[in-house]
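Hi,

Here is the structure I promised to pass on. Have a look at it first, and my notes follow below.

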Amino acid sequence: MDKLVNLTTQDGVAVITINNPPVNAISPGVPEGLVAALDAAEKDSSARAIVIIGGGRTFIAGADIKELELAASGRGSGPPKFHDILARIEDSTKPVVMAIHGTALGGGLEVAMAGHYRVAVPDAMVGQPEVNLGIIPGAEGTQRLPRLVGVAAAVDLCVSGKPIRAPEALKLGVIDRVIEGDLLSGAVAFARELADKGGALRKTRELSDKLGSEFVDASIFAAGRDQARKTRRNMLAPLKVVDAIEAAATLPFDEGCKKEREIFEECIASDQARALIHAFFAERAVAKIPDIPKETPVYNIRQAAIIGAGTMGGGIAMACANAGISVRLKEVEQAALDRGLATMRKNYENSVKKGRFSQEVMDQRMALIHPQLTYEGFDQADLIIEAAFENMELKQRIFGEIDKIAKTECLLASNTSTLDIDAIASVTSRLGMVIGLHFFSPANVMRLVEIVRGKATSKEVVATALALAKKLGKVGVVVGNCWGFVGNRMMLPYMREAQFLVEEGATPEQVDRALTNFGMAMGIFAVDDMGGIDVQWRVRQERKHLEKPGLRAPLMLEKLFHAGRLGQKTGAGWYRYDENRKAIADPEVHALIEKTAAEAGIPRRRLSDDEIIERCIYIMINEGAKILEEGYALRAADIDVIYLTGYGFPGYRGGPMWYADTVGLKKVRDRIAELHAQHGEFWEPAPLLNRLADSGTTFAAWDASREHALAAV
Ligand code: 3H9
């Protein structure tokens, strides 16, 4: 028998175990192994029932996404087909019980639903997350799930892609029993009960009582499509999955399956699926650092200490507390500490109100955060994170102080978003223990952490930072130490170009609309107003001496700053804000822009949305190419992950570098060259971009070729 699938017996029940680590994906060989095991189990007269279980840490986490990647890019022999194995399971003459621990996701849940019954441990998760990959369930999930849970719940689960825990799955009807204690023994006992009871086997495909009526379902499908449009803007799969579920409610099972397959094939052939599958693997590749092997020892982070209880410090404290890490939170003044705590409490209360977790959980988390005005207890901390104001002198002073207090094996991290981590480390006696941990606001929510590796940062410290990011539920991306690191370094030219666009004739709202239509979570001017015009202004002052004389400088930032329009916090910036912080286009700003442009002799014209997108996105891509070649990012895909998880770049476009590949690097470079001719130096094509465009290749291919070279480091 194939070693991917094993067959044993326990108490008169055949136990089929899938062993395809790490997550028991349905790779080639697994369906074949399952069929062989089922055949053998049925022939075995001593086995009265069958249990299918996952070996290792999980049940089945889905179809093998590597297979889907091949199918999406037109390689391989097309997307896998699971119909035969599903029918084989469902048509088994002996009761089949699926025993779920870990996750049953996507194809994993689809296999489970072909069983006659399902049991799960309390913390198991089940779901149809395919929309996150730009596809729909393609193994009859859209047909079986509504038969188990009803049309409304199926629409919700498939459109949101969110997995649910076993107790909720039980309530909905996805599973039949929650097993406390040993899963296999519980599943075997349940299978024996079923065999004792006898009678016809329950086949999911034959159920219909939850499929509803045409009249009721119509409003559910309409609401589902609304939900898809709102929560998954511009995406194909979340809308299409509703069509597939509609087929389940209106067509016989086999025809519904055919319809599902057509839609699945349409989705997997889309740019969106390719981009989202790229994003899936890119997110996992970032943790692989060529000179830092997986076995690198890491420091155990049990106690953290944070300096600064402002927006960043408070958010980081919450992120730590959410992961069960106790935190000392230091401020200089009681009032600031009180403000920080009040904000944290309010954030937690909102989560409790929304039902995300209970009051008890909130109390536990708040109890892990210890506010204080001194360095008391900092000598016990495993990690100290400085989250003070973005100022080198201040940061160096703090690092000088904590270096004296912290124990030798304590990591010293700065949450700086732009500053030189080596200069910060230089005031300490432990260069190897210093690292940048650039969290993004709100730090308790945003998934990205840029891990800034200084020239002396030790491998163990980098490995610890990566492990910590994972523990906090975040994505840590290791970046080099240059101004703004990767994310903000690319953001600077993006913001500058957006200002040039309004000086030349666009309005802030036109630019923002074009960007959000492109898929960005927020427009750049809305981002500016949220972060604070004063913050931008201060960054500019610090870098003014680096600006070449004679080069065009954006004009509006100064004007807004001196007009006291500092963004949301003053009720006005690029926009005006009402009492609910809703942005409203402001004729005063339009007038100020027109006056500024006239004074500077900048001719104004009508700009197309296409030009806005090209100038905002291509300028980032060009900077990204420079960053890559200079070695501040390891891979183009790392830059993508930074923009997808920290800057609201749309997942279905795969990140800026992937997007450049899909447009075609030659096309991108030629347009950049045109803009260079029109607008000068800022647009000089990056040498790497020139080379890749000339040789007709892609950033993805460059990553792949370098991956071999890096592996040899
Ligand atoms: C589907 O099922 C389509 C069907 O409807 C029908 C088709 C016809 N395949 O995330 P981790 C790898 S679509 C291949 O770090 P965690 C992953 O790349 C699929 N590989 O662990 C990584 O490899 P490496 C629907 C997979 O504990 C390693 O496993 N299912 C797959 O943080 C560890 O992953 C999903 O969308 C896969 N399906 O999280 C679930 N899954 O070590 C996708 C994982 O070489 N998976 N790998 O970098 C997940 O959400 C998480 O991996 C999971 C574990 C929650 C399971």
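**V511 and the nonpolar cores**

In this predicted model, V511 is in contact (heavy atoms within 4.5 Å) with A498, L501, V502, A506, I524, F525, I612 and C616, leaving aside its neighbours within four places in sequence. V511 is also one of the residues, with I384, W574 and F699, that touch the most other members of the largest nonpolar core, which has 93 residues. Such a core is a set of buried Ala, Val, Leu, Ile, Met, Phe, Trp, Tyr and Cys residues joined through side-chain atoms within 4.5 Å; buried means under 20% relative accessible area, with a 1.4 Å probe and protein chains only. Helix α25 (residues 609-630) gives the largest share of this core, eleven residues. Helices here are DSSP runs of H or I, at least four residues, numbered from the N terminus. Another core, of 88 residues, lies apart from it and includes V51, A112, A228 and A237.

**Q536**

Q536 sits in helix α22 (residues 533-543). Its relative accessibility is 19%, so Q536 counts as buried. Not counting residues up to four places away in sequence, Q536 touches M495, D528 and L557.

**How to read the values**

Residues are numbered from 1 along each chain as its sequence is written, and side-chain values use heavy atoms, with hydrogens and water left out. Local features need pLDDT of at least 70 and side-chain atom pairs count only at pLDDT 80 or more, while totals for chains, interfaces and linings use all residues.

Best wishes

Key. Buried < 20%, exposed > 50% of the residue type's maximum accessible area, 1.4 Å probe, protein only. Helix = DSSP H or I, 4+ residues; strand = E, 2+ residues; numbered from the N terminus.
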